[in-house]
Amino acid sequence: MTITPVPKTARTTQTARSLAWARRRDSVARFWRSYRTHRAGLFGLGALALIALIALAAPLLVGGDVQSVTNAPGTALESPSGEFPLGTDQFGRSLLGLLVWGARISLTVGLLAAALSVAIGTLVGIIAGHYGGWFSTVIMRITDWFLVMPALVLAIVLATVMSRSIWTVILAIGVTSWPTTARLVRAQTIAVESRPYIERAKALGGGHSHIMTRHVLPNVMPLVLAQTTLGISTAILTEATLAFLGLGDPTIVSWGGMLQDAREAGAVSSGHWWYLAPPGIAIALVALAFTLCGRAIEAVLNPKLGVAR
C-alpha cells in the first residue's frame with residue numbers, strides 16, 4: 001500500500017493554525033484566571049447569567065399569554081399576594097410575569113444597540129486613525145459634533161420621526177452613542193500604527209485593508225470588548241427612558257414600558273409602589289451588573305488602571 005505524503009505547505013499551514021488556536025486558548029485561560037480575582041466582576045457576571053437564564057426561559061416560566069389584556073387573571077392594581085407576588089397592573093396582568101417577559105426585550109435592545117454603536121465607533125475610529133491627514137480631521141469634527149450633542153435628545157428625535165418599533169429604538173440608540181468609542185479606538189489605532197511591525201508589514205506590501213484588519217483590529221479588540229460591556233448598560237437605560245417617554249413599541253413589554261404604564265395609571269400619586277419598584281430595580285440591577293463586568297474587563301486588559309477588586 002502506498003502512503004501519499006502530506007505536502008510540506010499543507011503541514012506548515014496546519015501547524016500554524018494549531019499554534020494560533022493554542023495561543024487563543026491560552027489567552028482565554030489567562031483572561032479568566034485574572035478576571036475571577038475581581039469579586040465585583042464575578043458578582044456582575046453571576047447576576048447577568050441569572051437574568052439571561054430567566055429571560056431565555058420566560059416562555060416556560062410565565063407563558064406567552066402574560067401580555068394579554070383580555071385574558072388577564074386578576075383585577076386592576078392588586079397589591080402583592082400569594083397569587084401575584086408583585087401585584088397586578090392596571091389591566092390585571094401579573095407584574096412578576098411582565099417583569100420576567102420584559103427582561104427579554106430590555107436585554108435584546110441593550111445588546112443589539114450597544115453592538116451597533118460599538119461597530120460604528122470602531123469602524124470610524126480605525127479609518128480615522130489609519131489614514132490621518134485632512135480626512136481624519138473631517139471625520140473627527142463630525143464625531144465631535146455628535147459628541148457634544150446630547151445623545152438622548154438625538155435618540156428622541158429619531159424615535160419620534162420614525163415608526164415606533166423595537167428596531168427604531170435600537171437604531172436610534174446605536175447611531176447616537178458611537179462617538180466615545182470612535183475617539184478611543186482612533187487613539188489606540190494611532191498608537192498601534194506607530195509600532196515597528198506595522199512598518200515592516202507596509203514594507204512587505206501590506207495594503208490598507210490588510211493593515212487595518214490583520215494588525216490594527218486585533219490590537220484594539222480588547223478596548224472594543226470593554227467598551228461594549230459598558231455600552232450595554234447605557235443602552236438599556238436609554239431604552240427605558242425612551243419607553244418611559246412613550247417612544248417605545250407599544251405592542252411589546254419592556255421594563256421602561258412598564259414604568260410608562262405605571263405613570264399613566266397614576267401609580268405615583270396613588271401610592272402603588274409595587275407597580276413602580278420592580279422594573280426600576282431590575283433596570284438598576286442590570287445596569288450595575290454590566291458596569292461591574294466592564295470595569296473588571298478593563299482592569300484585566302489594562303492593569304495600569306488600578307480598578308479595585
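**Group meeting: salt bridges, a surface patch and a helix pair**

Okay, let's start with a pair of charged residues: Asp26 and Arg30 join their side chains in a salt bridge, at 2.2 Å from N to O. Before I go on, keep in mind that this is a predicted model. Both Asp26 and Arg30 sit in helix α1, residues 8-35, and they're four residues apart, about one turn of the helix. How accessible are they? Asp26 is partly exposed, with a relative accessible area of 38%, and Arg30 is partly exposed too, at 44%.

As a reminder, side chains of opposite charge can pair when their charged atoms come close. How many salt bridges does a search of the whole structure find? It finds four.

Here's another one: Arg93 and Asp89, where the closest N and O atoms are 2.8 Å apart. Are Arg93 and Asp89 buried or exposed? Arg93 has a relative accessible area of 7%, so it counts as buried. Asp89 comes out at 0%, so that one is buried as well.

Then there's Asp144 with Arg141, with 2.7 Å between the closest N and O atoms. These two are both in helix α5, three residues apart, about one turn of the helix. Asp144 is partly exposed at 21% relative accessible area; that's just about the cut-off, because buried means under 20%. Arg141 is partly exposed at 47%. And there's a third partner here: Arg141, Asp144 and Arg183 are linked in a network of salt bridges.

Let me stay with helix α5, since it also shows up in a nonpolar patch on the surface. Which residues form that patch? They are Tyr131, Trp134, Phe135, Val138 and Ile142, and together they have about 540 Å² of accessible area. Helix α5, residues 133-148, gives the largest share of the patch, four residues. One residue to click on is Trp134, which lies in α5 and is exposed, with a relative accessible area of 67%.

Now let's zoom out. The protein has 13 helices and zero strands. The C-alpha atoms fill a box of roughly 75 × 60 × 45 Å along the principal axes, and of the 309 residues, 40% count as buried.

On to how a pair of those helices packs. We describe two packed helices by the angle between their axes and the distance between the axes. For helix α4, residues 95-131, and helix α10, residues 208-244, the angle is about 145° and the axes are 7 Å apart. The crossing of α4 and α10 is right-handed. What kinds of residues make up the contact of α4 with α10? The split is 18 nonpolar, eight polar and one charged.

Last stop, the loop between α3 and α4. Leu77 is in that loop, with α3 being residues 58-61. Leu77 isn't a glycine, yet it has a positive phi of about 55°. At 22% relative accessibility, Leu77 is partly exposed. Ser269 is 192 residues away from Leu77 along the chain, with 13 Å between their C-alpha atoms. Ser269 belongs to helix α12, residues 267-270, and is exposed at 71%.

Ser68 is in the loop between α3 and α4 too. At a relative accessible area of 19%, Ser68 counts as buried, because the cut-off is under 20%. From Ser68 to Ala58 you go 10 residues in sequence and 15 Å in space, C-alpha to C-alpha.

That's my tour, thanks!

Terms used
Residues numbered from 1 in each chain as written. Predicted model: local features only at pLDDT ≥ 70, side-chain atom pairs only at ≥ 80, totals over all residues. Heavy atoms only, no water. Patch = residues over 30% accessible without salt bridge, like charges linked within 9 Å, V, L, I, M, F, W, Y side chains within 5 Å. Areas by Shrake-Rupley, 256 points an atom, 1.4 Å probe, with all protein chains shown as cover. Buried < 20%, exposed > 50% of the residue type's maximum accessible area, 1.4 Å probe, protein only. Axes fitted to C-alpha atoms, helices over the stretch in contact; angles between N-to-C directions. Left-handed = near helix turned anticlockwise from the far one by under 90°. Nonpolar A, V, L, I, M, F, W, Y, C, P; charged D, E, K, R; others polar.
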